[in-house]
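Work through the exercises below with the sequence and the coordinates open. Try each task before reading its solution.

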Amino acid sequence: MKLILDRIKNGIETIKDPLGENVYSYGRIEVDSETCNLCGLCEKECPVNAISIMDGKLEMDSRKCIFCKLCIDVCPNDSLEMTHDYKISAIEELREKIRREVYSTFQRSLTLRAVDVGSCNGCFLELSAIGNTYYDMSRYGIHIAASPRHADGLIVSGALSINMKEALIKAYEAIPNPKIVIALGACSYDGGIYKDGYSVIQRVDEVIPVDIHIPGCPPSPAAILEGVLKIMKNK
């Protein structure tokens, strides 16, 4: 009875389209090339070397960006702005053939085994959020399995530590073919802020093949959902 009264009072929590415009989400940092004078302050301030000046143009590597906004704060001309564009995941080009095979197999549902190889738990918290009543990943046929033997792929978060290398390989090998690997967050791409740590193997794709990388520190729930659906539905 309490649940019924709560729903009557607060209405439906699940939104109709979680991949629509979401003002609460965050993502790509855009550069206003008209006001940017290429002073280089943002490049020096970036702790993960996500910004570079090449051929007279400021380049932003979204895969490395940790959303710290230090570049925005240091810019004297207010040329940088964080947008709500969370659709920045990218399928690795070399895995295109595998992606097509996976798409033909998993276009209706996908079961993933989540593996934390050394994260701060930020990515895992956002991953958990896509299972709540607001984002409701189950409506798309996305599920999390307790064992890699019951999964179609891995979703890996964190800076890969030496101690987790063997566990990650075993989890990958336990999944039946065809299988996919989703690298979650800046740390899984190149180690993030931990990349110079003595115990860190910088990139997950140095150990197992990665099909898609979802940038962010951490990626928003909408970004994670969009990245997973990109493999399932060829978006």
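**Exercise 1.** In which loop is asparagine 121 found?

*Solution.* Asparagine 121 is found in the loop between E6 and H5. Helices (H or I, at least four residues) and strands (E, at least two) are DSSP runs, numbered from the N terminus. This is a predicted model, in which local features need pLDDT of at least 70, side-chain atom pairs count only at pLDDT 80 or more, and totals for chains, interfaces and linings use all residues. Residues are numbered from 1 along each chain as its sequence is written, and side-chain values use heavy atoms, with hydrogens and water left out.

Next, the backbone. Asparagine 121 has a positive phi of about 85 degrees, although it is not a glycine. Then the exposure. Asparagine 121 counts as partly exposed because its relative accessibility is 40%. The classes are buried (under 20% relative accessible area), exposed (over 50%) and partly exposed (in between), with a 1.4 Å probe and protein chains only.

**Exercise 2.** Place glycine 118 and list what it touches.

*Solution.* Start with the segment. Glycine 118 is in the loop between strand E6 (110-116) and helix H5 (122-129). At 35% relative accessibility, this glycine is partly exposed. Now take contacts (heavy atoms within 4.5 Å). Leaving out residues up to four places away in sequence, glycine 118 touches Ser157, Gly158 and Ala159. Finish with a distance. The C-alpha atoms of glycine 118 and serine 199 are 9.8 Å apart, with their positions 81 residues apart along the chain.

**Exercise 3.** Find the other backbone outliers: one positive phi and two cis peptide bonds.

*Solution.* Recall the background. Most residues other than glycine have a negative phi, and most peptide bonds are trans.

- Positive phi: aspartate 136, not a glycine, has a phi of about 50 degrees. Aspartate 136 sits in the loop between H5 and strand E7 (142-144). Its relative accessibility is 22%, so aspartate 136 counts as partly exposed.
- One cis bond: asparagine 177 and proline 178 are joined with omega about -10 degrees. Proline 178 is in the loop between helix H6 (162-174) and E9.
- Another cis bond: cysteine 217 to proline 218, with omega near -10 degrees. Proline 218 is in the loop between E10 and H8.

**Exercise 4.** Which residues touch the most other members of the largest nonpolar core?

*Solution.* Fix the term. A nonpolar core is a set of buried Ala, Val, Leu, Ile, Met, Phe, Trp, Tyr and Cys residues joined through side-chain atoms within 4.5 Å. The largest one has 26 residues, and Ile142, Ile155, Ile182 and Val228 touch the most other members. E6, H5, strand E9 (180-184), strand E10 (212-214) and helix H8 (221-233) each supply at least two of its residues. H8 gives the most, with eight.

Zoom in on isoleucine 142. Beyond four places in sequence, isoleucine 142 touches Leu110, Met137, Leu225, Val228, Leu229 and Met232.

**Exercise 5.** Is serine 79 buried or exposed? Compare the setting of methionine 164.

*Solution.* Serine 79 is buried, because its relative accessibility is 4%. Serine 79 lies in the loop between helix H3 (70-74) and strand E4 (80-82). Apart from neighbours within four places in sequence, serine 79 is in contact with Glu30, Val31, Asp32, Thr35 and Cys36.

Methionine 164 is in helix H6. At 25% relative accessibility, methionine 164 is partly exposed. With residues up to four places away excluded, methionine 164 touches Val115, Asp116 and Val117. The C-alpha atoms of methionine 164 and aspartate 116 are 8.6 Å apart, at a sequence separation of 48 residues.

**Exercise 6.** Give the chain totals.

*Solution.* Count segments: the protein chain has eight helices and ten strands. Count burial: 46% of the 235 residues are buried. Sort contacts: among those with a separation of 6 or more, 79% join residues 24 or more positions apart. Add the surface: the accessible area is about 12700 Å², and 51% of this area belongs to carbon and sulfur atoms. These areas come from the Shrake-Rupley method with a 1.4 Å probe; for residues, only the protein chains shown count as cover.
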